[in-house]
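Student: I'd like to learn how to read a few features of a model, one at a time. Could we start with a helix and how much of it is covered?

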Amino acid sequence: EKDFRYTKNPVALADICLAWICLNLRQLCERRSDGSLCFHRCPVFPQELADQLLCRMAEEGVLNDGTIGIFRSHEHLRLRRALLRSSHLSAEPFRLAICPHRLQELDVSRIKGDLTVSDVLLSLANEECRESLQKLVLTGLDLRGENVEASSLSFSALRGVKSLGLAGTELDDSGLEDVSALPLLEALDISNTNVTDLRALLGCQASLRSLTAHGLTCLDMTPAQLLYVLSHLPGLRHLDLSDNTLNADRDCVVKQLLEEPGILPSLVSLDVSGHRELTDAAIQAFVEARPGMTFIGLLATQAGFCDFFTGKSKLKVAGEANIAQISEALHRYSERECFVREALVHLYSLTNDSDEPQPDVLKLVSTAMQSHAHSLHVQLLATACVFNLTSQDLAIGIPLRLLGNIVRQLLAAMRNFPNHEQLQKNCLLTLCSDRILQDVPFDRFEAAKLVMMWLSTREDQTLQRMAVAIVSILVSKVDFGTSIRSIRQLFIPQLLCIVQQKASVGVVDSTLKFALSALWNLTDETPTACQHFIECQGLELYVEVLESYYSESSIQQKVLGLLNNIAEVAELRTELLDEDLVQHVLNLLQSPEVEVGVSYFAGGILANLASSGEATWNLDLELRNIVVAKLHSAIMTWTPPEREMVSYRTFQPFYPLLDSSQPTGVQLWAVWAMNLVCGQNAPHYGKMLQDEGGFALLKTLITHPNTHNDVRRLAEGILCSLEQQQCLG
């Protein structure tokens, strides 16, 4: 039941469709004369779906001056909730696309572009929009452009607005007076503004239900004056006086507020996070006097640790006493960097010994990383928490989509802070997980490239080992396609450098083995990579490694595996036709002291070299005859290993070796190899043979009069085994 709960997270069909539209906008659209986009054909969207499309485009980072043009077709895409936060938008495209709609909610917080508060207000000029708009969020915008008069900035026309967010703007006292005149205003956020006096709020005391006044560093009121204003807001249900400046005067205000009898009787939510030296007793008394309270913010207050706040109740607490309080803090303060850092410090301490998956907490950490991508403090703490929450077997209980998002945040952190050793270490420690590297969806090529770029400037042995291990697994799952340039300039030279460093002192460790595995995977079925390996003097180095590590089967097998990749490329076989190298490989083929894996790849090299025929064999022909004969005799003595030794993505390299013109030893190696892997995973390789036409080649080989009985017997065994496994049906 637990595994089902954590791993089954089907994606809604609507989400899949919206993601596809975002990914293919350019193909679905044509350009207007002004450069904006419109759909080639557009049905009438359900209104909620139009809202979701706009929001998804903003979240995916594809909403801009051009793409927002699709919403100018307001007869087909009708918006009610326009959530545009953090998009790249200018004033005119915004006006043309968004303002003709009869909006109920508009969020343009943290827009990247020249859009200002005054632009938004001027754009909302149509009477229908002014009447319908109920919620407006303008967080982080400049109030007005350079050439806009202050007198033009007025909220008075938005008569229907009930919720207004002006956090992080340059709102001052005169602006607050203008805002306070809105007749229906119920919720107001003036956090981090230039407001010095809150007495203007008395103008909306009859309607105001929620006030967020976080971090008002310019506030210039005595505690008595502030308490007077608050006492005349009897309908206030939500009050946020949290502060990351730790101002002593405001601590005094909060203490007096908690002790003021009868004040704010309707309050259900109070946030005083950041005010130090508050006591559990005073806060508990305040909450108990208001039985309707459902939330209290106590992060960085030194309060919230008594049973009243840590026990089970309807009261939610944003604090630091336990995981539940920290999760609430991360949820409430996702955009407040100071509080996010504070919460992550305590989360790290409480997750050091985690033994249960906590996907909900991990999702909150992911959100914090995304919201504060360029904050070193947040990224450093968050990556440490991510490691705690995904280490060992914990990642198994985390949904793949969430882990994929986490990996993307880790890679972004590595890109943004390439020189911070501890942050890089945190990321590598998390990535070094079988669950993540094998199963999680993310751009493995970009990840491998990023790790390699970091590795090229580091010498720390522990981090080097982790980085090479990660790259080794990633490259085995990447189709490099047109990315050969990165292989030539980054991957192969750097990995060969590591092999050289280790081999020069005769070290046998996991770093060397991972580097050899990565090179083996990079050259697998990639002739261009094999060519670059040779150009980087890799062949000379590998010959030295073969001779130096003659008693290390694990090293020899990886070296021979790569040389076998080269031998599969007909144009490169002459590079391997060195008499000393061929003789050395021949010794490994027939030596009773080496493991079958070493002999197997030695056989593959020799079989491919011999398969090109006498015309291209530029060594003594007698040596070729010896190779062919030794292949036959050695293979007949091999015993298949009990564990899986090798896997193949295709049998294509084997098919030329099955030709009737090939010597028996060459054919025998190919059918022995195919028989080996088919016996390990018959359904998979049986389908591969069927799809690639391999069955027909085997049958032709069996029926040819010149086929040796040893080859025929093995080929018949493959077909018989697969038929028994019903791979042919």
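Tutor: Sure, and keep in mind that this is a predicted model. Take α21: its buried residues are L463, Q464, M466, A467, V468, A469, I470, V471, S472, I473, L474 and V475. A residue counts as buried when its relative accessible area is under 20%.

Student: What does that say about the surroundings of α21?

Tutor: Of its 15 residues, 12 are buried, so α21 is largely enclosed by the rest of the structure. As for its length, α21 reaches 21 Å from first C-alpha to last, close to the 21 Å expected at 1.5 Å a residue.

Student: Let's turn to empty space. How does one find it?

Tutor: Rolling a probe the size of a water molecule over the atoms shows where empty space is left. Here α21 is useful again, as one of the elements that give two or more residues to the lining of the second largest pocket.

Student: What volume does the second largest pocket have, and which residues lie nearest its centre?

Tutor: Its volume is about 830 Å³. The lining has 32 residues, and W520, N521, M645, V646 and S647 are the ones nearest the centre.

Student: Which element gives the most to that lining?

Tutor: That's α26, with six residues. Besides α21 and α26, the elements giving two or more residues are α23 (510-523) and α28. By class, the lining of this pocket has 11 nonpolar, 12 polar and nine charged residues.

Student: And how many cavities of 30 Å³ or more does the structure hold?

Tutor: Two. Let's look at the second largest cavity, which has about 40 Å³ of space. Its lining is L563, L576, L581, V582, V585, I605, L606 and L609. The elements that give two or more residues to this lining are α27 (579-590) and α28 (596-611).

Student: What is the make-up of that cavity lining by class?

Tutor: Eight nonpolar residues, no polar ones and no charged ones.

Student: Now salt bridges. How should I read one when both partners sit in a helix?

Tutor: Start with the spacing. An α-helix has 3.6 residues a turn, so residues three or four places apart point the same way. Now try R713 and D710, which both lie in helix α33 (residues 709-724), three residues apart, about one turn of the helix. They form a salt bridge, with the closest N and O atoms 2.6 Å apart.

Student: Which of R713 and D710 is buried?

Tutor: D710 is, at a relative accessible area of 15%, while R713 is partly exposed at 47%.

Student: What about a pair with four-residue spacing?

Tutor: D439 and R435 are four residues apart in helix α19 (residues 434-439), so about one helical turn separates them. Their closest N and O atoms are 3.9 Å apart, and the cut-off for a salt bridge is within 4 Å. R435 counts as buried at 16% relative accessibility, whereas D439 is partly exposed at 43%.

Student: How far apart are the closest N and O atoms of D197 and R199?

Tutor: They are 2.5 Å apart, and this pair forms a salt bridge as well. D197 is buried at 18% relative accessibility, and R199 is partly exposed at 42%.

Student: How many salt bridges does a search of the whole structure find, and which residues are linked in a network?

Tutor: The search finds 18 salt bridges. R85, D107, R110 and E335 are linked in a network of them.

Key. Residues are numbered from 1 along each chain as its sequence is written. This is a predicted model: local features need pLDDT of at least 70, side-chain atom pairs count only at pLDDT 80 or more; totals for chains, interfaces and linings use all residues. Side-chain values use heavy atoms; hydrogens and water are left out. A salt bridge is a side-chain nitrogen of Lys or Arg within 4 Å of a carboxyl oxygen of Asp or Glu. Buried means under 20% relative accessible area, exposed over 50%, partly exposed in between (1.4 Å probe, protein chains only). On a 1 Å grid over the protein atoms alone, a cavity is a set of points where a 1.4 Å probe fits but cannot get out, and a pocket is an open set with protein on both sides within 12 Å along at least five of seven lines; lining residues have an atom within 4 Å of a point. Grid points are joined across faces, edges and corners, and a volume is the space filled by probe spheres set on the points. Ala, Val, Leu, Ile, Met, Phe, Trp, Tyr, Cys and Pro count as nonpolar, Asp, Glu, Lys and Arg as charged, and the others, Gly among them, as polar. The expected span of a helix is 1.5 Å times one less than its number of residues.
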